[in-house]
Amino acid sequence: MSATNYGLSEKQQKVFKGIKERLNASIKEGIAKTNRLPWNSKIIESLGLPTRINGEKYKGKNVWIFSAEAIAKGYTSNTWIGYKEAARRGGQVRKGEKATTGVNRYWAPFRCKANCAIPNHCIEATGEDYRIRIDAETGKPIGKMRLTWFNVFNSDQIDWSEAKGGKPCHIPTGSEFESEEYADKILKAYLDKTGVTFREVPIGDQNPHYNPNSDTVNLPLKVQFEEASAYYSAAFHEIGHSTSKEGRVHRVFNYGMHKERGLEEMSVEWAAAYLQNWCGIKGAEDAEKESTAYIQSWSNAIDKDPDLIFDAMDMADRISNFILKQCEDC
Ligand SMILES: [Zn+2]
Ligand SMILES: [Zn+2]
């Protein structure tokens, strides 16, 4: 999977490119500053996933666009607000502060006239004054990806001294115990719905891995992990790989190819980090993942392929959504 322009206009592509460049830069800045990859960062655990000022969580790429920026800039908050909304609440964006651009990508159908009578051309759009174009052969709606973007500021970039309620903040809640129960629920629902086999085998036998031929996730015994969080991190990572099977978030990759392997590993790492943060599970210490060599290898991969992060985030978003979707009340 390479860079795709999603059928965007030239102007949209330019904005998209700017967002990409900024994200790559903030990720590298964050790595240099904290010596950790963003998805292994302890910072997001304490700040929580990025939220709008009303407490609503950001989704998709925005999760990491804002988190990477918060890490790079050393913000003490992961709450983001538009200029006008901040002013409405008595906050003033400090002079010289730059906004961060988030993206919303959505699919929009091609429209046709409300009174169109061409056979096999379009179908009714409920409650709209237009009809939706369809593919004459398949009868399915056709359209294209559209992109909008928005600019927001971190709460730290705003002077809240005049605000009535003071500085807004959203600190994640929930105890470790509840978090683990929640993570178990997500795992169980996923395994039940997909039929993936989940085996816990004593250490020494093998490293955590997913076997696509038998559709089996193999992990060491839970008690063999030094911290419970390491168990969940590995479990989310490996079930992330298992979503590659056809009928799930199907993707084909050649594990022998460095680039394809890198994309797959980065995708499942982002997805696992998102799920872990979603459950409120703190990341475990992991000497290997914190080693200079490991971090440098990712840093080099980002340099070599500027689309890697964006492509991986796209995939991570689909993977984590697919996993969460299996759990009805998660
Ligand atoms: Zn029509
Ligand atoms: Zn892996």
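The domain assignment splits this chain into three parts: domain 1, residues 3-104 + 148-159; domain 2, residues 106-145; and domain 3, residues 176-325. Note that domain 1 is written as two segments. Bear in mind that what you have in front of you is a predicted model.

Let me take domains 1 and 3 as a pair. Their centres, taken over C-alpha atoms, are 24 Å apart. Contact between them involves 20 residues of domain 1 and 20 residues of domain 3. Which helices supply the domain 1 side? Helix 1 (10-34), helix 2 (42-47) and helix 3 (61-73) each provide at least two residues. Helix 1 gives the most, with six residues. As for chemistry, the domain 1 side that touches domain 3 has 10 nonpolar residues, four polar and six charged.

Next, the interior. The largest nonpolar core has 60 residues, and the members that touch the most others are Trp-270, Leu-275 and Ala-312. Helix 7, residues 258-279, contributes the largest share of this core, 11 residues. Domain 1 and domain 3 each put at least three residues into the core.

Trp-270 deserves a look on your screens. Setting aside neighbours within four places in sequence, what does Trp-270 contact? The list is Trp-39, Trp-64, Ala-312, Met-313 and Ala-316. By the residue ranges, Trp-39 and Trp-64 fall in domain 1, while Ala-312, Met-313 and Ala-316 fall in domain 3.

Now helix 6, residues 228-242. At 1.5 Å a residue, its 15 residues should span 21 Å, and the end C-alpha atoms are 21 Å apart, so the two agree. Is helix 6 enclosed or open? Of its 15 residues, 13 are buried, so helix 6 is largely enclosed by the rest of the structure.

Last, the chain as a whole. Its secondary structure comes to nine helices and 12 strands. The C-alpha atoms fill a box of roughly 70 × 60 × 40 Å along the principal axes. Why call the overall size consistent with a compact globule? For 330 residues, such a globule would have a radius of gyration near 20 Å, and the chain has 22 Å, which agrees.

Two percentages to finish. Buried residues account for 31% of the 330 in the chain. Among contacts with a separation of 6 or more, 69% join residues 24 or more positions apart.

Terms used. Residues numbered from 1 in each chain as written. Chains lettered and ligands numbered in written order. Predicted model: local features only at pLDDT ≥ 70, side-chain atom pairs only at ≥ 80, totals over all residues. Helix = DSSP H or I, 4+ residues; strand = E, 2+ residues; numbered from the N terminus. Rg over C-alpha atoms; globule rule 2.2 N^0.38 Å. Buried ≥ 20, exposed ≤ 12 C-beta atoms within 10 Å, placed from the backbone. Contact = placed C-beta atoms within 7 Å. Core = buried A, V, L, I, M, F, W, Y, C linked by C-beta atoms within 7 Å. Domains from an automatic or database assignment. Nonpolar A, V, L, I, M, F, W, Y, C, P; charged D, E, K, R; others polar. Expected span 1.5 Å × (residues − 1).
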